[in-house]
Amino acid sequence: MQAQPEVDVWDILQKAPASQYEKIAFQYGITDLRGMLKRLKAMKKKEEKKSTAFLRKLEPAYQVDKGQRMKLVVEVADPDVEVKWMKNGQEIKVSGSKFIFESIGNKRVLTINNCSLADDAAYQCVVGEEKSISELFVRGVEGPQVQHTAHNQLKQGPAGT
(Lines give C-alpha, C1' and ligand atoms only; values in the text may rest on other atoms or scores of the structure.)
Protein backbone atom coordinates (compact mmCIF):
# COMPACT_ATOMS: atom_id res chain seq x y z
CA MET A 1 0.00 0.00 0.00
CA GLN A 2 1.38 3.40 -1.02
CA ALA A 3 1.32 6.32 1.36
CA GLN A 4 -0.47 9.31 -0.10
CA PRO A 5 1.40 12.62 -0.15
CA GLU A 6 0.55 15.03 2.66
CA VAL A 7 -2.18 17.42 1.49
CA ASP A 8 -2.88 20.77 3.15
CA VAL A 9 -6.68 20.91 3.10
CA TRP A 10 -6.64 24.49 4.40
CA ASP A 11 -4.52 25.60 1.47
CA ILE A 12 -6.97 23.94 -0.93
CA LEU A 13 -9.95 25.54 0.83
CA GLN A 14 -8.40 29.01 0.80
CA LYS A 15 -7.92 28.85 -2.96
CA ALA A 16 -11.32 27.30 -3.69
CA PRO A 17 -14.54 29.23 -4.33
CA ALA A 18 -16.98 29.22 -1.41
CA SER A 19 -19.43 27.10 -3.40
CA GLN A 20 -16.91 24.20 -3.28
CA TYR A 21 -16.21 24.29 0.50
CA GLU A 22 -18.72 21.61 1.45
CA LYS A 23 -17.59 19.20 -1.28
CA ILE A 24 -13.91 19.62 -0.36
CA ALA A 25 -14.63 19.30 3.37
CA PHE A 26 -16.41 15.96 2.97
CA GLN A 27 -13.77 14.74 0.50
CA TYR A 28 -11.11 15.24 3.21
CA GLY A 29 -13.22 14.07 6.15
CA ILE A 30 -14.04 17.44 7.71
CA THR A 31 -17.48 17.18 9.30
CA ASP A 32 -17.56 20.36 11.42
CA LEU A 33 -18.46 22.82 8.66
CA ARG A 34 -19.13 25.70 11.05
CA GLY A 35 -15.74 25.24 12.68
CA MET A 36 -14.11 25.00 9.26
CA LEU A 37 -15.70 28.29 8.15
CA LYS A 38 -14.56 30.02 11.38
CA ARG A 39 -11.00 28.84 10.85
CA LEU A 40 -11.01 29.92 7.18
CA LYS A 41 -12.33 33.35 8.15
CA ALA A 42 -9.58 33.74 10.77
CA MET A 43 -6.96 32.66 8.24
CA LYS A 44 -8.22 35.20 5.71
CA LYS A 45 -8.12 37.96 8.34
CA LYS A 46 -4.47 37.13 9.08
CA GLU A 47 -3.74 37.16 5.37
CA GLU A 48 -5.42 40.58 4.98
CA LYS A 49 -3.25 42.03 7.74
CA LYS A 50 -0.09 41.14 5.80
CA SER A 51 -0.53 44.08 3.44
CA THR A 52 2.61 45.46 1.87
CA ALA A 53 0.88 48.29 -0.01
CA PHE A 54 -1.25 49.67 2.85
CA LEU A 55 -0.09 50.87 6.26
CA ARG A 56 -3.69 51.62 7.23
CA LYS A 57 -6.73 50.33 5.35
CA LEU A 58 -10.32 51.59 5.19
CA GLU A 59 -12.69 50.69 8.01
CA PRO A 60 -15.13 47.88 7.05
CA ALA A 61 -18.05 50.35 6.97
CA TYR A 62 -18.87 54.03 7.26
CA GLN A 63 -22.15 55.86 7.79
CA VAL A 64 -23.03 59.40 6.72
CA ASP A 65 -26.17 61.50 6.63
CA LYS A 66 -27.62 62.51 3.28
CA GLY A 67 -26.23 65.88 2.14
CA GLN A 68 -23.06 65.59 4.27
CA ARG A 69 -19.44 65.13 3.18
CA MET A 70 -17.56 61.85 3.67
CA LYS A 71 -13.78 61.33 3.60
CA LEU A 72 -12.36 57.86 3.00
CA VAL A 73 -8.70 57.74 4.04
CA VAL A 74 -6.01 55.08 3.55
CA GLU A 75 -2.33 55.20 4.37
CA VAL A 76 -0.01 53.66 1.78
CA ALA A 77 3.51 52.31 2.30
CA ASP A 78 4.98 54.12 -0.72
CA PRO A 79 4.34 57.90 -0.71
CA ASP A 80 4.78 58.01 -4.51
CA VAL A 81 2.34 55.22 -5.37
CA GLU A 82 -0.76 55.92 -7.46
CA VAL A 83 -4.09 54.59 -6.19
CA LYS A 84 -7.37 53.89 -7.95
CA TRP A 85 -10.68 54.51 -6.19
CA MET A 86 -13.59 52.27 -7.16
CA LYS A 87 -17.33 52.46 -6.46
CA ASN A 88 -19.21 49.16 -6.84
CA GLY A 89 -16.34 47.81 -8.96
CA GLN A 90 -16.22 50.79 -11.36
CA GLU A 91 -13.29 53.23 -11.32
CA ILE A 92 -14.27 56.69 -10.06
CA LYS A 93 -13.27 59.41 -12.52
CA VAL A 94 -12.78 63.07 -11.66
CA SER A 95 -16.03 64.82 -12.55
CA GLY A 96 -16.95 68.22 -11.15
CA SER A 97 -16.85 68.64 -7.40
CA LYS A 98 -18.65 65.39 -6.40
CA PHE A 99 -15.44 63.39 -5.83
CA ILE A 100 -12.15 64.95 -4.71
CA PHE A 101 -8.92 62.92 -4.75
CA GLU A 102 -6.08 64.00 -2.45
CA SER A 103 -2.54 62.72 -1.96
CA ILE A 104 -0.93 64.03 1.24
CA GLY A 105 2.37 62.26 1.99
CA ASN A 106 1.43 58.62 2.59
CA LYS A 107 -2.28 59.39 2.89
CA ARG A 108 -4.75 58.98 0.03
CA VAL A 109 -8.12 60.62 0.56
CA LEU A 110 -11.36 60.28 -1.39
CA THR A 111 -13.83 63.02 -0.44
CA ILE A 112 -17.45 62.49 -1.46
CA ASN A 113 -19.33 65.79 -1.36
CA ASN A 114 -23.08 66.17 -0.83
CA CYS A 115 -23.70 62.45 -0.21
CA SER A 116 -26.93 61.08 -1.63
CA LEU A 117 -28.56 57.66 -1.56
CA ALA A 118 -26.78 56.98 -4.90
CA ASP A 119 -23.47 57.11 -2.98
CA ASP A 120 -24.58 54.22 -0.74
CA ALA A 121 -22.15 51.62 -2.18
CA ALA A 122 -19.03 49.48 -1.82
CA TYR A 123 -15.82 51.51 -2.20
CA GLN A 124 -12.31 50.22 -2.83
CA CYS A 125 -8.88 51.76 -2.87
CA VAL A 126 -6.62 49.75 -5.19
CA VAL A 127 -2.81 49.71 -5.13
CA GLY A 128 -1.44 47.23 -7.67
CA GLU A 129 -2.99 43.86 -6.76
CA GLU A 130 -4.00 44.88 -3.23
CA LYS A 131 -7.37 46.34 -2.27
CA SER A 132 -8.85 48.03 0.76
CA ILE A 133 -12.63 47.63 0.76
CA SER A 134 -15.40 49.40 2.68
CA GLU A 135 -19.16 49.93 2.58
CA LEU A 136 -20.67 53.41 2.79
CA PHE A 137 -24.19 53.67 4.16
CA VAL A 138 -26.05 56.93 3.50
CA ARG A 139 -28.88 57.69 5.91
CA GLY A 140 -31.82 59.54 4.42
CA VAL A 141 -32.71 62.42 6.74
CA GLU A 142 -36.43 62.73 7.36
CA GLY A 143 -37.70 66.17 8.21
CA PRO A 144 -40.85 66.88 10.19
CA GLN A 145 -43.96 65.62 8.47
CA VAL A 146 -46.64 68.08 7.48
CA GLN A 147 -50.33 67.20 7.90
CA HIS A 148 -53.52 68.97 6.87
CA THR A 149 -56.06 69.50 9.66
CA ALA A 150 -59.81 69.73 9.18
CA HIS A 151 -59.48 73.54 8.96
CA ASN A 152 -56.96 73.35 6.08
CA GLN A 153 -54.21 74.72 8.29
CA LEU A 154 -50.77 73.17 8.26
CA LYS A 155 -49.73 71.31 11.36
CA GLN A 156 -46.17 70.21 11.95
CA GLY A 157 -45.68 66.83 13.59
CA PRO A 158 -42.55 65.23 15.00
CA ALA A 159 -40.24 63.47 12.51
CA GLY A 160 -41.10 59.85 11.79
CA THR A 161 -44.76 59.98 12.89
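1. The four-stranded sheet. In this predicted model, four strands form an open sheet in the order 1-3-7-6, and their pairing is antiparallel. Strand 1 (54-56) and strand 6 are the edges of this sheet; each has a single partner strand, so one side of each is left without a neighbour in the sheet. From one strand to the next, the twist averages 30°. Strands of a sheet pair through backbone hydrogen bonds, in either a parallel or an antiparallel sense.

2. Overall composition. A reader new to the structure may wish to place this sheet within the whole chain. The secondary structure amounts to three helices and 11 strands. Their order from the N terminus is α-α-α-β-β-β-β-β-β-β-β-β-β-β. The chain has 161 residues, of which 28% count as buried.

3. The edge at strand 1. Strand 1 is joined to strand 3 by two bridges, and the two strands pair in the antiparallel sense. Phe-54 has Val-76 of strand 3 as its bridge partner. Arg-56 is likewise placed opposite a residue of strand 3, namely Glu-75.

4. Strand 3 and its pairing with strand 7. Strand 3 (residues 70-76) is joined to strand 7 by six bridges, and these strands run antiparallel. Two of the facing positions may be located by name: Leu-72 stands opposite Leu-110 in strand 7, and Lys-71 stands opposite Thr-111 in strand 7. Why is strand 3 described as largely enclosed by the rest of the structure? Five of its seven residues are buried, and the description follows from that count.

5. Strand 7 and the hairpin. Strand 7 (residues 107-112) is mostly covered, with five of its six residues buried. Its pairing with strand 6 (residues 99-104) is antiparallel and consists of six bridges. Within this pairing, Ser-103 has Arg-108 of strand 7 as its bridge partner. Strand 6 and strand 7 form a hairpin, with two residues between the strands. Gly-105 lies in the turn and has a positive phi of about 60°. As a general point for inspecting such strands, side chains in a regular strand alternate between the two faces of the sheet.

6. Arg-108. This residue deserves a separate remark. Arg-108 is located in strand 7. Is Arg-108 buried or exposed? Its relative accessibility is 3%, and Arg-108 therefore counts as buried, the cut-off for that class being under 20%. Arg-108 and Trp-85 are separated by 23 residues in sequence, and their C-alpha atoms are 9.7 Å apart in space.

7. The second largest pocket. This pocket holds about 190 Å³ of space. It is lined by 14 residues, and those closest to its centre are Glu-82, Val-83, Trp-85, Phe-101 and Arg-108. Strand 4 (84-87), strand 6 and strand 7 are the elements that give two or more residues to the lining. Which element provides the largest share of that lining? Strand 6 does, with three residues. By residue class, the lining divides into seven nonpolar, one polar and six charged residues.

8. The five-stranded sheet. A further open sheet contains five strands in the order 2-9-8-4-5, with mixed pairing. Its edge strands are strand 2 (61-65) and strand 5 (90-91), each of which pairs on one side only. Strand 4, which also gives residues to the pocket lining, is joined to strand 5 by two bridges, and these two strands run antiparallel. In this pairing, Met-86 has Glu-91 of strand 5 as its bridge partner.

9. Cysteines. A disulfide is a covalent bond between the sulfur atoms of two cysteines. How many disulfides does the model contain? The count comes to zero, where a pair of cysteine sulfur atoms would have to lie within 2.5 Å. Two cysteines may be noted for their burial: Cys-115 is buried, with a relative accessible area of 1%, and Cys-125 is buried, with a relative accessible area of 0%.

Notes:
Residues are numbered from 1 along each chain as its sequence is written. This is a predicted model: local features need pLDDT of at least 70, side-chain atom pairs count only at pLDDT 80 or more; totals for chains, interfaces and linings use all residues. Side-chain values use heavy atoms; hydrogens and water are left out. Buried means under 20% relative accessible area, exposed over 50%, partly exposed in between (1.4 Å probe, protein chains only). Two strands pair if DSSP finds at least two bridges between them. Axes are lines fitted to C-alpha atoms, for helices over the stretch in contact, and angles run from 0 to 180 degrees between N-to-C directions. On a 1 Å grid over the protein atoms alone, a cavity is a set of points where a 1.4 Å probe fits but cannot get out, and a pocket is an open set with protein on both sides within 12 Å along at least five of seven lines; lining residues have an atom within 4 Å of a point. Grid points are joined across faces, edges and corners, and a volume is the space filled by probe spheres set on the points. Ala, Val, Leu, Ile, Met, Phe, Trp, Tyr, Cys and Pro count as nonpolar, Asp, Glu, Lys and Arg as charged, and the others, Gly among them, as polar.
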